[in-house]
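Colleague: I have just opened this one. Can you walk me through it?
Modeller: Sure, ask away.

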Amino acid sequence: AVCFSPDGRFLATGAQDLCIKLWDNGTWKVLVTIMAHNNFVTAVAFDAKGLKMLSGGEDHTIRVWRLPMRVGHRSPPVEVVRIQNIPTTVLACDFTEAGTRVVGVLSGRQVYVWHATEGTPMCWWEFLPFDPDHYSNALWRTALLSLTDALSAVIVTDGAGNTFTLCLVGLNPDKDRQLQ
């Protein structure tokens, strides 16, 4: 997993060592290493202002990190929210533009949306391919998306370049808030 900060100063990486590394883009030196997950780190992302960072993993969690003013070994990012009990591996995650929601693409072909400061689920979509026998989960692995803060649609592009628009058709607040 790899992502540049919005200002281009930092590069975040996540890998099989269960860690997130923040690199200085000017010197290519590791500024800080964070033991972040209990299994492979599969996704990293920054918010639009570069003040927060997300990491997702095969441990079925997404973590929200607050970044310090000066990133370094003496001032590492601080975990502020842990989203747990995610049903499958997190393949990709990101903040919405306003940073109020966290969006995750899961290996089970679902897209979940959580409240960014509380970690509570807001809704989820499940992607059902037209021909499931000929569609590989590997294509879903590089998916990521854009989402309006009004939760009206999500656009997902898979590893084969196919783009899917999932539109909010109905929301049932009395049940599990699954989109119909």
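Colleague: Which residue in S10 is the bridge partner of alanine 92?
Modeller: Valine 105 is the partner of alanine 92. Keep in mind that this is a predicted model.

Colleague: How many bridges do S9 and S10 share, and in which sense do they pair?
Modeller: There are 5 bridges, and the sense is antiparallel.

Colleague: What sheet do they sit in, and in what order do its strands run?
Modeller: An open sheet of 4 strands, in the order S9-S10-S11-S12. Its pairing is antiparallel. S9 and S12 (121–126) are the edge strands, so to speak of sides, each pairs on one side only. Direction ignored, neighbouring strands are turned by 15° against each other on average.

Colleague: Which strands make up the open sheet that starts with S5?
Modeller: That one runs S5-S6-S7-S8, with antiparallel pairing. S5 and S8 are its edges, each pairing on one side only. From one strand to the next, the twist averages 20°.

Colleague: How many bridges join S7 to S8?
Modeller: 5 bridges, and the two strands run antiparallel. For one pair, look at arginine 63: its bridge partner in S8 is arginine 82.

Colleague: Changing topic. Which residues touch the most other members of the largest nonpolar core?
Modeller: Leu54, Ile62, Ile83, Ile86, Val90, Val102 and Trp114 do, in a core of 17 residues. Several strands supply at least two residues each: S5 (41–46), S7, S8 (78–83), S9 (90–95), S10 (101–106) and S11 (110–115). S9 gives the largest share, 3 residues.

Colleague: Why would such residues be buried together?
Modeller: That is a general tendency of nonpolar side chains in soluble globular proteins.

Colleague: What does isoleucine 62 touch?
Modeller: Leaving out residues up to four places away in sequence, its contacts include Leu54, Ile83, Ile86, Val90, Val102 and Trp114. Cys93 and Gly104 are also among them.

Colleague: What is in the second core?
Modeller: That separate core has 15 residues, including Phe10, Ala12, Phe46 and Leu67.

Colleague: Now the backbone. What is the phi of histidine 60?
Modeller: About 65°, a positive value, although the residue is not a glycine. Most residues other than glycine have a negative phi. Histidine 60 lies in the loop between S6 (52–57) and S7.

Colleague: How accessible is histidine 60?
Modeller: Its relative accessible area is 28%, so it counts as partly exposed.

Colleague: And where is tryptophan 28?
Modeller: In the loop between S3 (19–24) and S4 (30–35). Its phi is positive too, near 60°. At 46% relative accessibility, tryptophan 28 is partly exposed.

Colleague: Let's talk confidence. What pLDDT does the chain average?
Modeller: The average is 77, and 69% of the residues score at least 70. Strand S7 (residues 62–66) is highest at 96, while strand S13 (residues 144–147) is lowest at a mean of 42.

Colleague: Where does pLDDT fall below 50?
Modeller: Residues 130–151 are one such stretch. Beyond near neighbours in sequence, that stretch has 65 contacts in the model. Residues 168–180 also stay under 50, with 21 contacts beyond four places in sequence.

Colleague: Last one. How many helices and strands are there?
Modeller: 1 helix and 15 strands. The chain has 180 residues, and 46% count as buried. About 9,500 Å² is exposed, with carbon and sulfur atoms supplying 52% of it.

Methods
Residues are numbered from 1 along each chain as its sequence is written. This is a predicted model: local features need pLDDT of at least 70, side-chain atom pairs count only at pLDDT 80 or more; totals for chains, interfaces and linings use all residues. Side-chain values use heavy atoms; hydrogens and water are left out. Buried means under 20% relative accessible area, exposed over 50%, partly exposed in between (1.4 Å probe, protein chains only). Accessible areas come from the Shrake-Rupley method with a 1.4 Å probe; for residues, only the protein chains shown count as cover. pLDDT is the predictor's confidence in each residue, from 0 to 100. Contact means heavy atoms within 4.5 Å. A nonpolar core is a set of buried Ala, Val, Leu, Ile, Met, Phe, Trp, Tyr and Cys residues joined through side-chain atoms within 4.5 Å. Axes are lines fitted to C-alpha atoms, for helices over the stretch in contact, and angles run from 0 to 180 degrees between N-to-C directions.
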